[in-house]
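Trainee: I'm new to this one, so could you walk me through the inside of the structure?
Mentor: Sure, let's put it up and go through it together.

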Amino acid sequence: MKKNQKVAVEQLEVGTFIRLPISWKDHPFLFSSFKIKNSAQIELIKGLGLKDVFFDSEKSDIEPVTSDKPEQAPTEEELTALKEQMLSDKTAKIDEQKKLKRDLKKTEQQFERSVAMMRSMVSKISSRPLNAVTEAKDLINNLTNMLLNSDNLALHLMGDAKNEEHIYHHSLNVAILCMLMAKELGWSREEVETIGIGALFHDIGKLKVPSTILNKRVPLSAPEENFIKQHPLMSINFLKLADSFPEEAKPLIANHHEFLDGSGFPQGLKADKLDKLSQLIAVVNEYDMLCNGTSQVKAKPPSIALGMLYKNYNNKLNNEYVSKLIKMLGIYPPGSIIELSSGQFAMVMSVNLQQLLYPNVIVYDQLVPKDQAPIISLQNHNMSIVRSLPAAALPKKIHAYLSPRDKISFGIGAN
């Protein structure tokens, strides 16, 4: 039987995966597409006045053929009670979705303020370095307070960065993830703040690299490649203008591309010359570069990027820190495209750092307008993740609906 073929409601059986051809608001089910779990659901579908529904054979356990021994139909009273309960549950889930969207909006606003502060800091570092460092310290202090004083943090997926703002988004990503990691590793507040402020300025030297080189899509010449590899030291030279910049943060800026085996740049330092802050930012910086790509290297899905860190950087990066990053983000970091046990496709919008197996996801439902797309907590919906997949594997209409991010940025907020 063809996928998404119309079948009569009378043919439905437990185990068939269907899509209701009516508005999401006009039925009591949480989703318009689902697998039928019991005969009561069939009776409720009949009560909607539908003659036909769409059937998906690939996601069904059984073909929609009338059974010789149908389950005993529930009574009218049982159906009424079930419908009322489902409508009540649906209302509660809608309220939950509204809260999730409010939380996400609040985090987006905080993130945009942080991006604006980054722009301001970078513009002042040459002319008013003291002001730039003071603003940076304020930003890091606020982030540290949030990290250390909340027991229910979530890492949220933010909107795409504009090309000219990629350096700000990347620097914030690295700062946020480094600070989260430092907290998880049990580091002191002073160390959390040091790696945070260093991460904010770790790529400022790239402002000295011509955009024609930074954005070049064909292979770089050897001189161009060597010039880019000097950007960590260029960042340090920039910061010499700012007397108040903490000295203890400078090594991690200079060393954020150094690897334990000496294969990094710009100095080819080995493990014994790299302090723990330098080793941590190297892990996070590499992860964010894998996720967001460069003009030379294609971006990887977040879960693939984590897998690459684990498999391909065994002698280059601190294995304890790589394992901690994987444990902290979970198997499905924000931005991951996933298939749910319900058969639906979704995108991970945020990860509750205390409940990694139950991220909040935005779910594709073709009968719900894109701007009303449900964001749900898997923890509260008895659903699990079946697999992760690349965004390119999605059908065009689902890709357009979920709008996977070309660039991945992270914000933190309460969950």
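**Inside the model**

Mentor: The structure holds two cavities of 30 Å³ or more. Before we go on, this is a predicted model, where local features need pLDDT of at least 70 and side-chain atom pairs count only at pLDDT 80 or more, while totals for chains, interfaces and linings use all residues. Residues are numbered from 1 along each chain as its sequence is written, and side-chain values use heavy atoms, with hydrogens and water left out.

Trainee: How much space lies in the largest cavity?
Mentor: A cavity is a set of points, on a 1 Å grid over the protein atoms alone, where a 1.4 Å probe fits but cannot get out. Its volume is the space filled by probe spheres set on those points. For the largest cavity that comes to about 40 Å³.

Trainee: Which residues line the largest cavity?
Mentor: Lining residues have an atom within 4 Å of a point. Two elements, α2 (76-124) and β7 (345-352), each supply at least two of them; such helices (H or I, at least four residues) and strands (E, at least two) are DSSP runs, numbered from the N terminus. The lining is made up of Leu100, Leu104, His156, Met349, Ser350, Asn360 and Ile375.

Trainee: Which residues have the most contacts inside the largest nonpolar core?
Mentor: Such a core is a set of buried Ala, Val, Leu, Ile, Met, Phe, Trp, Tyr and Cys residues joined through side-chain atoms within 4.5 Å, and buried means under 20% relative accessible area (1.4 Å probe, protein chains only). This one has 101 residues, and those with the most contacts inside it are Leu180, Leu200, Phe201 and Tyr287. Its largest share, 12 residues, comes from helix α4 (residues 166-184).

Trainee: How many disulfides does a search of the whole structure find?
Mentor: A disulfide is a covalent bond between the sulfur atoms of two cysteines, and here the pair has to lie within 2.5 Å. The search of the whole structure finds zero.

Trainee: How far from Cys178 is the nearest cysteine sulfur?
Mentor: Cys178 is in no disulfide, and the nearest cysteine sulfur belongs to Cys291. Cys178 is buried, with a relative accessible area of 0%, and Cys291 is buried too, at 2%. The distance from Cys178 to that sulfur is 14 Å.

Conventions. Buried means under 20% relative accessible area, exposed over 50%, partly exposed in between (1.4 Å probe, protein chains only). On a 1 Å grid over the protein atoms alone, a cavity is a set of points where a 1.4 Å probe fits but cannot get out, and a pocket is an open set with protein on both sides within 12 Å along at least five of seven lines; lining residues have an atom within 4 Å of a point.
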